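Okay, thanks for coming, everyone. I'd like to walk you through one model today, so let me put it up on the screen.

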Amino acid sequence: MSSDALIGLCRPGFEPELAAEFTHQATELGHYGHAITERNTGIVRFVCAEAAALDAALRFDALIYARQKLLSIADLPNLDPKDRVSPVIAALQSHGGRYGELVVEHTDSDEGREFAALARGFGNALRPALRKPGWLTDKDDARKPRLHVLIHSGTHLRLATSRVGDSSPWPGGITRLRQPPNAPSRSAAKLDEALHTLLTDEERAALRHEGPNGVLRAVDLGAAPGGWTWVLLRAGLKVTAVDNGPLKDPVAGHAMVEHLRADGFRWQPPRPVDWMVCDMVEQPRRVAERMAQWFREGWCQNAIFNLKLPMKKRWDETQLCLDVFRAQAGPLKALKAKQLYHDREEITVFAKR
Ligand SMILES: C[S@@+](CC[C@H](N)C(=O)[O-])C[C@H]1O[C@@H](n2cnc3c(N)ncnc32)[C@H](O)[C@@H]1O
């Protein structure tokens, strides 16, 4: 069995961006291939000669438009719906793989979501069949690769693998976090997802550590009605919320919040802060330049900001904005960008100096 392709799962409608990104990143790494996809399917296959080598070289963290990155190991079309387990076992027989977890999943397209129940049922049927010969550990084991079964249809499955730490831990790459309770807006889920997806465990834990001046301080640009501020408060930070609009409860009047009615593109902090977040709806290049200024001037140590994408040439604009940010921000210890599950026509960026 040979691996001939990387699989990327994405938000339906963003297949052209992921295809362009795969092609760009692969070329940078000296691999040549071509992307195969169809609009609104939520999946891109990047076919290339040395897919396993490319999979090892191309980090999941480096992909903006991929919610999940998998290495395809077998395509199983024309299956008999009465027995899908045997062909999977037969395909894995020659592979000799040992897996630490089984993930049965589907794309996020309208068609793909119809297979949610099948994914659950098939996972329950396949798991014992894989454990019997010892191909799957009894308990999840992060040291071994994951085996993925991607359901294309009731008669078409794809087998793939991923490495823990170089892929999403969530089926379909869709983070399933509870909406922060009492949040003043649904946007809160976006920052919550960004903190869980873009930060390492250590970086997330560091939010709660007090600095030399007590609890960490954050600025929220474009804060109203207060969802992101709420997430920062719950993480233990003190927040300056900048927005001409009103904040809602429980953020409005909160003892740890200072609300400033000011222009987020002009206002600057009287002293450096630990965190800055920005959800201002503006042209992405203007946001990227302003965010870079915060780092260049040393106004913040860490930032999470959104770049709203244009309707056309979204991959070109993404590259351009990140190039502008990189060129103007000064030295950075981390820079990650992702289109999160809660992002629609936008991406979310985490930067750290
Ligand atoms: C998408 S909403 C932010 C939602 C917020 N993150 C939350 O979780 O509730 C965008 C906000 O940016 C604010 N905004 C847009 N341009 C701004 C500017 N130049 N200065 C300050 N706020 C601005 C708007 O008033 C609006 O409240």
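Before the sheet, a bit of vocabulary: two strands pair if DSSP finds at least two bridges between them. Helices (H or I, at least four residues) and strands (E, at least two) are DSSP runs, numbered from the N terminus. Also keep in mind that this is a predicted model, where local features need pLDDT of at least 70, side-chain atom pairs count only at pLDDT 80 or more, and totals for chains, interfaces and linings use all residues. Residues are numbered from 1 along each chain as its sequence is written, and side-chain values use heavy atoms, with hydrogens and water left out.

Right, the sheet. It's an open one, built from 7 strands in the order 2-3-1-4-7-6-5, with mixed pairing. At the edges you've got strand 2 (33–37) and strand 5 (101–106), each with a single partner strand, so one side of each has no neighbour in the sheet. On average, neighbouring strands here are turned by 30° against each other, direction ignored.

Let's zoom in on one pair. Strand 1 (residues 5–9) and strand 3 (residues 43–48) run antiparallel and are joined by 5 bridges. If you want a landmark there, Ala-5 sits opposite Val-47 in strand 3.

Now, what lies on that sheet? Helix 3 lies across strand 4 (68–76), strand 6 (146–153) and strand 7 (156–162), at about 100° to strand 4. Helix 5 packs on the sheet too, touching strand 5, strand 6 and strand 7, and its direction makes about 155° with that of strand 5. For those angles, axes are lines fitted to C-alpha atoms, for helices over the stretch in contact, and the values run from 0 to 180 degrees between N-to-C directions. Contact, by the way, means heavy atoms within 4.5 Å.

So how do helix 3 and helix 5 pack against each other? Helix 3 (residues 85–93) and helix 5 (residues 116–131) meet at an angle of about 45°, their axes 10 Å apart. That makes the two helices oblique to each other (under 35 degrees counts as roughly parallel, over 145 as roughly antiparallel, 65 to 115 as roughly perpendicular, and the rest as oblique). From helix 3, the contact uses Val-85, Val-88, Ile-89 and Leu-92, and from helix 5 it uses Phe-122, Ala-125, Leu-126, Ala-129 and Leu-130.

Next, a charged side chain for you: Asp-55, over in helix 2 (residues 51–57). Buried or exposed, this Asp-55? Buried, with a relative accessible area of 5% (buried means under 20%, exposed over 50%, partly exposed in between, using a 1.4 Å probe and protein chains only). Leaving aside neighbours within four places in sequence, Asp-55 is in contact with Leu-6, Lys-69, Leu-71, Arg-163 and Asp-166.

Last, some backbone oddities. There's a cis peptide bond between Ala-224 and Pro-225, with omega about 0°, and Pro-225 is in the loop between strand 8 (217–221) and helix 8 (227–234). Another cis bond joins Asp-249 to Pro-250, again with omega about 0°; Pro-250 is in the loop between strand 9 (238–242) and strand 10 (257–260).

Then there are positive phi values. Asn-40 isn't a glycine, yet its phi is about 70°; it's in the loop between strand 2 and strand 3, partly exposed at 47% relative accessible area. Asn-182 has a positive phi near 65° and is exposed at 59%, in the loop between strand 7 and helix 6 (188–198).
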